[in-house]
Amino acid sequence: MLLEKYRHMSLPQARYAEFVLDRDKCNGCGRCVKACPIQLLELYGKKSRPNQRYDHFRCITCQNCAASCPQNAITIKGDYRVDKGFWKNAHLFRGPKTMPNPLGRNGQSTYADQEPELTETEKVIYQRRSVRLYKKKKVPRDMIERVIEAGRFAPSAGNNQPWKFIAIDNRDVISALNEKCKASLYKVSALTLPKPWINKKTPGDKEAKLALWQEAVLPLLTKIKTGDTEPRARGGINAASSDPNYDIYFGAPAVILLLADKRGIGSVELDTGIAGQNMVLAAHSLGLGTCWVSLSKAIGFDKALKKKLGIEEPFKIISSLSIGYPQGQVDNPVAREQPRIHWVDSL
Ligand SMILES: Cc1cc2nc3c(=O)[nH]c(=O)nc-3n(C[C@H](O)[C@H](O)[C@H](O)COP(=O)(O)O)c2cc1C
Ligand code: SF4
Ligand code: SF4
């Protein structure tokens, strides 16, 4: 039992979702290619297809490719499932993902049927998607400050408000930040993934293995930094850091770094996350698109960069948001895993 818990800790055998394209519908616009955070798609002969570098084996099932396709040409089939070992999750899910069903109706009732009965807040929650396709148009500073104001009024443990925001709306600065983050992320990939995957290669080597030293180091690293060594996280870090053209901020005209005072009450990450989500929802309601970009945490590895950005003790970087005007339709509800709800009636 104990052994099973620690088996396949370094790199599990996982089942990933599959990208299915209706070639007749695809017009080669390339939106899905730009919208995929893991760079799993490419244009080939004026049609989209799974990137031959990796196939679709690191798909996080975000369905952003499908949501941003104007032709409804994409379906994402299956889910990320691991059957055994440390990362085992297959037993934690019941059935396939489902669309929002806030009114708890059975049968033929779709989300579209229910939407007219929902509050404006509920609609914002269900329609918001991460936006990775931005117009170049600048976001006025007063709009960015309006979004941050929504963060300021978030709840926090003991009302300690540990957050601090660094706003950047200069594209040159954002590009330099992207390059510096990618340089740090590249080192993380070199530590955590098989060597043939670290540099951009077409086609990728699906069978590549970790080196012996990595097999020894990774379980320890996973114990300390579980979320950052999660296999899909490692795939995302690799996709971002191995491609010279990848922009972790997707060309957004503005970025807000979310920091927190490490000495705050309770969990400052949670407080800052709540503030960030207030900002995301407020931005959506103002017609702005956002994407959480935790790849920015790489800033924490670079002392000189932190200094230039004005990140000083006692603050640490928690995450960031890219923000801008969406280019075309991205928002739309998509199916999610079914909820895990366990009602307890007595103790
Ligand atoms: C804490 C957090 C960190 C994230 N970091 C990244 C990131 O670094 N890069 C990225 O492209 N998306 C990032 N995302 C966006 C998720 O991929 C996205 O929320 C998820 O796939 C669900 O899609 P949706 O937001 O469109 O509903 C992050 C989301 C959260 C909540
Ligand atoms: S977004 Fe849709 S239409 Fe455009 S390239 Fe991708 S699959 Fe084809
Ligand atoms: S579902 Fe998300 S990760 Fe998977 S191919 Fe589409 S955009 Fe990429």
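Colleague: What makes you say that ligand 3 sits in the largest cavity?

Modeller: A cavity is a set of points, on a 1 Å grid over the protein atoms alone, where a 1.4 Å probe fits but cannot get out. A molecule sits in a cavity if more than half of its atoms lie within 2 Å of its grid points. Ligand 3 meets that for the largest cavity. The space taken by ligand 2 is the second largest cavity.

Colleague: What stands behind these values?

Modeller: This is a predicted model; local features need pLDDT of at least 70, side-chain atom pairs count only at pLDDT 80 or more, and totals for chains, interfaces and linings use all residues. Residues are numbered from 1 along each chain as its sequence is written, chains are lettered from A and ligands numbered from 1 in the order in which they are written, and side-chain values use heavy atoms, without hydrogens and water.

Colleague: Which residues are around ligand 3?

Modeller: C36, P37, I38, L40, C59, I60, T61, C62, Q63, C65 and I76, each with a heavy atom within 4 Å of the ligand. By class, nine are nonpolar, two polar and none charged. Ala, Val, Leu, Ile, Met, Phe, Trp, Tyr, Cys and Pro count as nonpolar, Asp, Glu, Lys and Arg as charged, the others, Gly among them, as polar.

Colleague: Which residues come nearest to ligand 2?

Modeller: C26, C29, G30, C32 and C69, of the 13 around ligand 2. That shell has seven nonpolar, five polar and one charged residues.

Colleague: Why are helix 7 and helix 9 called roughly perpendicular?

Modeller: The axes of helix 7 (residues 171–192) and helix 9 (residues 212–224) cross at roughly 115 degrees and come within 9 Å. Roughly perpendicular covers 65 to 115 degrees, so the pair gets that name. Helices are DSSP runs (H or I, at least four residues); strands are E, at least two. Axes are lines fitted to C-alpha atoms over the stretch in contact, with angles from 0 to 180 degrees between N-to-C directions.

Colleague: Which residues of the two helices meet?

Modeller: A190, L191 and T192 in helix 7 meet W213, Q214, L218 and L221 in helix 9. Contact means heavy atoms within 4.5 Å.

Colleague: What makes P314 stand out in the backbone?

Modeller: The E313 to P314 peptide bond is cis, with omega near 5 degrees. P314 is in the loop between helix 13 (303–309) and strand 10 (315–324). Most peptide bonds are trans.

Definitions and conventions: 1 Å grid on protein atoms, 1.4 Å probe; cavity = no way out; pocket = protein on both sides within 12 Å on 5 of 7 lines; lining within 4 Å. Parallel < 35°, antiparallel > 145°, perpendicular 65-115°, else oblique.
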